[in-house]
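Work through the exercises below with the sequence and the structure at hand. Each task is followed by a solution in steps.

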Amino acid sequence: MNVFSKLDPDIVTFHILPHLDGKTLIILSSVSSQFYNLIWKNKNSDLWRNICISTWPSLLTNFPDPIFHSRIISVWPDYRSFFLDAFPSIHPPLINNPPPPLPPVACIFYTVDIFLNGGEGEQQPLYSLYTLDAIETHEYIPHPLIGPYLFKCYLNHDRGMMKFFKVKKEGCEEYLKHNLTFSCIAIDPKVTKRAGSLFTGYKAVSVEPVALGVMVVFESVLHAPSGLSNFYTEMIKCRVEVTCSWEGGREDKCYVRIIYFTMKDMNEIPLVNRHGAAVILNAIQNGERRGRTT
């Protein structure tokens with residue numbers, strides 16, 4: 001541990017580690033067995049609670065359900081366990097385990113956090129909210145005029161929670177592309193009792209003007225379970241469109257207006273509702289967590 005080996009372990013645990021983020025702690029824990037034990041073995045619940053809340057402020061939001069935290073997060077034994085489930089990026093499983101069975105109605109909680117980089121590593125939270133998507137998973141015959149129910153989820157910002165930030169309209173596309181980040185966790189508290197990160201501090205892939213303002217697009221990929229191989233490609237693309245608007249046209253009153261989540265395969269075939277639920281539940285149950293050290 002070099003110079004840290006000369007310090008009292010309590011000083012490292014309670015005065016140094018709390019100033020580091022979760023990603024840094026994971027890296028630091030692989031430096032030596034002493035760091036590993038200080039970070040993972042100590043029962044420092046406040047450390048992991050503060051890291052989780054700073055990474056995902058949405059975990060403490062009381063909208064729309066003030067008991068979300070106690071009812072959902074309490075499924076995990078502690079914040080350390082939740083962080084290990086939710087933070088690492090999800091990758092295709094090393095072993096092709098069978099996907100979890102779909103319940104008649106798949107209830108998936110999403111926590112959403114959007115940050116604006118303020119320079120010098122500082123991040124300003126712009127949007128923190130969670131929502132529940134209840135998806136009926138039974139087989140059905142699509143209506144000939146309407147067609148199948150496609151997987152889509154709107155996360156409309158409640159105006160009572162609106163948080164304004166300043167963005168100049170001129171050059172806003174380039175500014176938001178480089179400075180806006182998006183995080184989203186999918187939580188299944190009933191079937192798999194696990195959480196998985198669909199997006200972890202992702203930057204935008206594109207920004208384009210729309211009628212309501214500008215649309216910031218984020219993308220990630222998930223592995224499709226084996227049962228969907230006859231319908232889609234092996235990898236599924238998750239696309240999130242975040243629309244930002246200026247209230248009254250004022251540049252100091254930019255805000256997140258709409259968040260729209262869809263899924264397509266690599267041939268641009270959109271997923272139907274129940275297949276989208278199957279992809280997410282399989283990812284958070286069987287997906288490999290990269291960077292997980294314990």
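**Exercise 1.** Is Val256 buried or exposed? Place the residue in its strand as well.

*Solution.* The structure is a predicted model. Start with the position along the chain: Val256 belongs to strand β10, which covers residues 254-265. Next, take the relative accessible area of Val256, which is 2%. Buried means under 20%. Val256 is therefore buried. Last, look for a residue that is far off in sequence: Tyr127 lies 129 residues from Val256 along the chain, yet their C-alpha atoms are 7.2 Å apart in space.

**Exercise 2.** Describe the chain as a whole: how many helices and strands does it have, and what share of its residues is buried?

*Solution.* Count the elements: there are eight helices and 11 strands. Then turn to burial: 47% of the 294 residues count as buried. Finally, sort the contacts between residues at least 6 apart in sequence: 68% of them join residues at least 24 apart.

**Exercise 3.** In what order do the strands of the five-stranded open sheet lie, and which strands form its edges?

*Solution.* Read across the sheet: the order is β4-β10-β9-β8-β7, with antiparallel pairing. The edges are β4 (152-154) and β7 (206-210), each of which pairs on one side only. From one strand to the next, the twist averages 20°. A helix also packs on this sheet: α7, residues 172-179, touches β7, β8 and β9 (235-246). The direction of α7 makes about 140° with that of β7.

**Exercise 4.** Follow the pairing of β8 on both sides. How many bridges join β7 to β8, and over how many bridges do β8 and β9 pair?

*Solution.* Begin with β7. Five bridges join β7 to β8 (residues 213-223), and the two strands run antiparallel. They form a hairpin with two residues between them. Two pairs can be picked out here: Val207 stands opposite Val216 in β8, and Ser206 has Val217 as its bridge partner.

Now go to β9. The pairing of β8 with β9 is antiparallel and extends over 10 bridges. In this pairing, Ser220 faces Cys238 of β9.

To finish, check the burial of the strand: nine of the 11 residues of β8 are buried, so β8 is largely enclosed by the rest of the structure.

**Exercise 5.** How do helices α2 and α3 cross, and which residues meet between them?

*Solution.* First find the helices: α2 spans residues 22-29 and α3 spans residues 33-41. Their axes come within 8 Å and cross at roughly 140°. That angle makes α2 oblique to α3. Then list the contact: Leu25, Ile26, Leu28 and Ser29 of α2 meet Phe35, Tyr36, Ile39 and Trp40 of α3. By type, the residues of this contact comprise seven nonpolar, one polar and no charged.

**Exercise 6.** Which residues have the most contacts inside the largest nonpolar core, and which helix gives the most to this core?

*Solution.* The largest nonpolar core holds 53 residues, and those with the most contacts inside it are Tyr110, Phe182, Val242, Ile259, Phe261 and Met263. Helix α8 (residues 273-286) gives the most to this core, with seven residues. Another core lies apart from it, with 29 residues, including Leu25, Leu84, Phe109 and Ile185.

Take Met263 as an example. Leaving out residues up to four places away in sequence, Met263 touches residues that include Phe151, Leu222, Ile236, Cys238, Val279 and Ile280.

**Exercise 7.** Where is Ser197, and which residues does Ser197 touch?

*Solution.* Ser197 sits in strand β6, residues 194-203. Its relative accessible area is 5%, so Ser197 is buried. Residues up to four places away in sequence are not counted; Ser197 then touches Ala86, Phe87, Pro88, Ile90, Cys184 and Ile185. Tyr110 is 87 residues from Ser197 in sequence, with a C-alpha to C-alpha distance of 9.7 Å.

**Exercise 8.** What is the phi of Glu268, and where is this residue placed?

*Solution.* Begin with the general rule: most residues other than glycine have a negative phi. Glu268 has a positive phi, near 65°. Glu268 is in the loop between β10 and α8. With 42% relative accessibility, Glu268 counts as partly exposed.

Conventions. Residues numbered from 1 in each chain as written. Predicted model: local features only at pLDDT ≥ 70, side-chain atom pairs only at ≥ 80, totals over all residues. Heavy atoms only, no water. Pairing = 2+ DSSP bridges. Helix = DSSP H or I, 4+ residues; strand = E, 2+ residues; numbered from the N terminus. Axes fitted to C-alpha atoms, helices over the stretch in contact; angles between N-to-C directions. Contact = heavy atoms within 4.5 Å. Parallel < 35°, antiparallel > 145°, perpendicular 65-115°, else oblique. Nonpolar A, V, L, I, M, F, W, Y, C, P; charged D, E, K, R; others polar. Core = buried A, V, L, I, M, F, W, Y, C linked by side-chain atoms within 4.5 Å. Buried < 20%, exposed > 50% of the residue type's maximum accessible area, 1.4 Å probe, protein only.
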